[in-house]
Amino acid sequence: MESIIEFKNVSFRYGENAPWILQDCSFTINENESIAIIGHNGSGKSTIAKLMNGLLFPQEGEIWINGKRLTEESIWEIRKDVGMVFQNPDNQFVGATVQDDVAFGMENRGVPREEMEKRIESSLQAVHMTEYRLTEPHRLSGGQKQRVAIAGVIAVSPKVLILDEATVMLDPKGRTEIMETITHLQRQKELSLITITHDLQEVIKVERVIVLNKGKIWATGKPRDVLQRGDELQKIGLDIPFISALSQELREQGIHMRKDVLTSEEMLEELWTLHSNR
């Protein structure tokens, strides 16, 4: 697979004498791949997101996006390839109506009006917000606002979509709906999806996980492999999904369950198998 993002020995800190937020980080993200970046508060997750979008520049190392090295000269080209959705959608709204807001990024890129109208329609349809196109954004619920923010990013046709704690302000139902929408869009649009999160329930659905600890890459691998390391994750300040915690507790009570049980469906299947074999 072709790489779309590459960090080469990247280090970053907020000020000359400040402590390093990231230290010697190297990793690659491939085209059309879904990735979750997790870590405790202050581990460097959001800093990585801002570096990917050129909101920040590394003091050491190199960042390559879609074959272009991130520099002050290449920043505007790189931002055409990278779309970002933040945790508070109110910070991204600039239009008087939903359709105005979705159009804003395309207007900045000089997209022809006829094409713009097609993309507004398809983007709002993709996030199930077509009926709200003339609504003022501040009248929407939190989940609806986040859907509009996603539509605005999708409309400019990025190659990479970054969710920087984009579901943290939503209730569990809203969080699930947004992640289902994003997963569908990622496959439909063939995007590279990067989820910056501390919610390990979101991690289960991606292809690969990068774990940060104190500004360094602590682990990387498939969700099932990483989340099996429950005790170690808890030691670096991360919770583990409820099903993983339940599975761990049952094993401690002497019930011989697989360590890689992650979903409620797998838990039910495992318990049924254990019951049938008694």
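A charge sits over a ring if NZ of Lys or CZ of Arg is within 6 Å of the ring centre and within 35 degrees of the ring normal. Arg-229 fits that description, lying over the face of Trp-218 at 4.5 Å from the ring centre. Likewise, Arg-79 is found over the face of Trp-76, here at 5.0 Å from the ring centre.

A quick word on the ground rules. This is a predicted model, where local features need pLDDT of at least 70, side-chain atom pairs count only at pLDDT 80 or more, and totals for chains, interfaces and linings use all residues. Residues are numbered from 1 along each chain as its sequence is written, and side-chain values use heavy atoms, with hydrogens and water left out.

Now for rings meeting rings: there are two aromatic pairs in the structure (rings of Phe, Tyr and Trp, the last by its six-membered ring, with centres within 6.5 Å; planes under 30 degrees apart are stacked, over 60 edge-to-face, the rest tilted). Phe-7 and Phe-27 make a stacked pair, 4.6 Å centre to centre with 20° between the planes. This pair ties together distant parts of the chain, 20 residues apart: Phe-7 belongs to strand E1 (residues 3–12) and Phe-27 to strand E2 (residues 22–30). Strands here are DSSP runs of E, at least two residues, numbered from the N terminus.

How buried are these rings? Phe-7 counts as buried because its relative accessible area is 1%, and Phe-27 is buried too, at 9% (buried is under 20%, exposed over 50%, partly exposed in between, with a 1.4 Å probe and protein chains only).

Phe-12 and Tyr-14 form an edge-to-face pair, 4.6 Å centre to centre and 85° between the planes. Phe-12 is buried at 5% relative accessible area, whereas Tyr-14 is partly exposed at 47%.

Conventions. Helices (H or I, at least four residues) and strands (E, at least two) are DSSP runs, numbered from the N terminus.
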